[in-house]
Amino acid sequence: EGYFDVYTDADRPMNIHVKGNLVQVHGTTFNLKAYKNENILELSLMDGSVSFSTAGSDDQKHYLSPGESLTYDMEQDKFTHSCFSKDNVTVWKEGGLYFRNKTLDEIVRQLERTYDIRIVILNEELRQIRYHMAFVNNESIEDILRFIDNDSRVIVSRRGDVVEIY
C-alpha cells in the first residue's frame, strides 16, 4: 500500500504497473493498495486525476474523480466505484485501521499484515460477516481482538502464537 503525491507534468505522466494493470497519474494525490497474494486492487483519489486500465485493455480506462475509489477484483474481473472519506483511506499512515463494510476475512488479512500474527477462522460461514470499525488510538492487537470477541456471533481465543476465531 502506498500514498502518492505526484507533481503535474503533462509531457511525462507517471505510469504505475501493478499486477499487470496500469495506473496513469496526471498530477495528483492518491492511495494505491495492491497486496501480494490478494486479488483485490484498490485505488483512491484525493486530488487531481488518475486513470486505471486492466492488462491489455488500454482502450477501456476507468477515470476517477477526487473522493472516489475504484476496487478491482482481478479474480472475478469486477469493478466497484465508491465514495470515501480521505481520513478513512489514509488512517493507516498514522498507524490506525479503518474497516468500512469489510468481511471478517478481509479484516483478518489486514490484522495479520499489520501485527505480524497468524489468525485462523475455523468456521467458514464467519468469513463473510461484515463489520464497520475504526481503530485510531494506537490500539493493540489484544484490544482489537477483544472488540471482535464482544460480537456474539464469534469467539476469539489464542493458542500459543495463533489466534483462532470460531
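This report walks through the aromatic rings, nonpolar cores and salt bridges of the structure above. Keep in mind that it is a predicted model.

**Rings that pair up**

Let's start with the aromatic side chains. A pair of aromatic rings is described by two things, the distance of the centres and the angle of the planes. The count here comes to five aromatic pairs. One of them is formed by F4 and F30, which are stacked, with 4.8 Å from centre to centre and 10 degrees between the planes. Along the chain these two are 26 residues apart: F4 belongs to strand β1 (residues 2–6), while F30 belongs to strand β3 (residues 21–33). How much of each one is accessible? F4 has 25% relative accessibility, so F4 counts as partly exposed. F30 has 0%, so F30 counts as buried.

Now look at F52 and F79. Their ring centres are 6.1 Å apart and their planes stand at 70 degrees; planes over 60 degrees apart count as edge-to-face, so that is what this pair is called. F52 sits in strand β4 (residues 40–53) and F79 in strand β7 (residues 78–83), so the pair ties together parts that are 27 residues apart in sequence. F52 is buried, at 0% relative accessible area, whereas F79 is partly exposed, at 25%. Y72 joins in too: ring pairs link F52, Y72 and F79 into a cluster.

Two rings also have a charged residue over the face. K93 lies over the face of Y3, at 3.4 Å from the ring centre. For Y35, the residue over the face is R113, at 3.4 Å from the ring centre.

**The nonpolar cores**

In soluble globular proteins, nonpolar side chains tend to be buried together. What does the largest nonpolar core look like here? It has 22 residues, and those with the most contacts inside it are L104, L111, Y131, I148, V154 and I165. Several elements each supply at least two residues of this core: the helices α2 (104–115) and α3 (141–149), plus the strands β8 (97–103), β9 (118–121), β10 (130–135) and β12 (162–165).

Try zooming in on L111. Leaving aside neighbours within four places in sequence, L111 is in contact with L97, F99, D116, I117, I119, I141, I144 and I148.

Apart from the largest core lies another one, of 15 residues, among them I16, L45, F52 and L70. You have already met F52, which is part of the ring cluster with Y72 and F79.

**Salt bridges**

Next come the charged side chains. The count comes to eleven salt bridges, and the table shows three of them.

| Salt bridge | Closest N and O atoms |
|---|---|
| E124 and R127 | 2.9 Å |
| R153 and D151 | 2.7 Å |
| R159 and E164 | 2.8 Å |

Are the partners in these bridges buried or exposed? It's a mix. In the first row, E124 is exposed, with a relative accessible area of 54%, and R127 is partly exposed, with 22%. In the second row, R153 is partly exposed at 46%, while D151 is buried at 13%. In the third row, R159 counts as exposed at 51%, but E164 counts as buried at 16%. The cut-off for buried is under 20%, so E164, at 16%, falls in that class.

Finally, some bridges join up. E38, D105, R109, R113, E124 and R127 are linked in a network of salt bridges. R113 is a familiar name, as R113 also lies over the face of Y35.

Notes
Residues numbered from 1 in each chain as written. Predicted model: local features only at pLDDT ≥ 70, side-chain atom pairs only at ≥ 80, totals over all residues. Heavy atoms only, no water. Phe/Tyr/Trp six-rings, centres within 6.5 Å; stacked < 30°, edge-to-face > 60°. Helix = DSSP H or I, 4+ residues; strand = E, 2+ residues; numbered from the N terminus. Buried < 20%, exposed > 50% of the residue type's maximum accessible area, 1.4 Å probe, protein only. Lys NZ or Arg CZ within 6 Å of the ring centre and 35° of its normal. Core = buried A, V, L, I, M, F, W, Y, C linked by side-chain atoms within 4.5 Å. Contact = heavy atoms within 4.5 Å. Salt bridge = Lys/Arg side-chain N within 4 Å of Asp/Glu carboxyl O.
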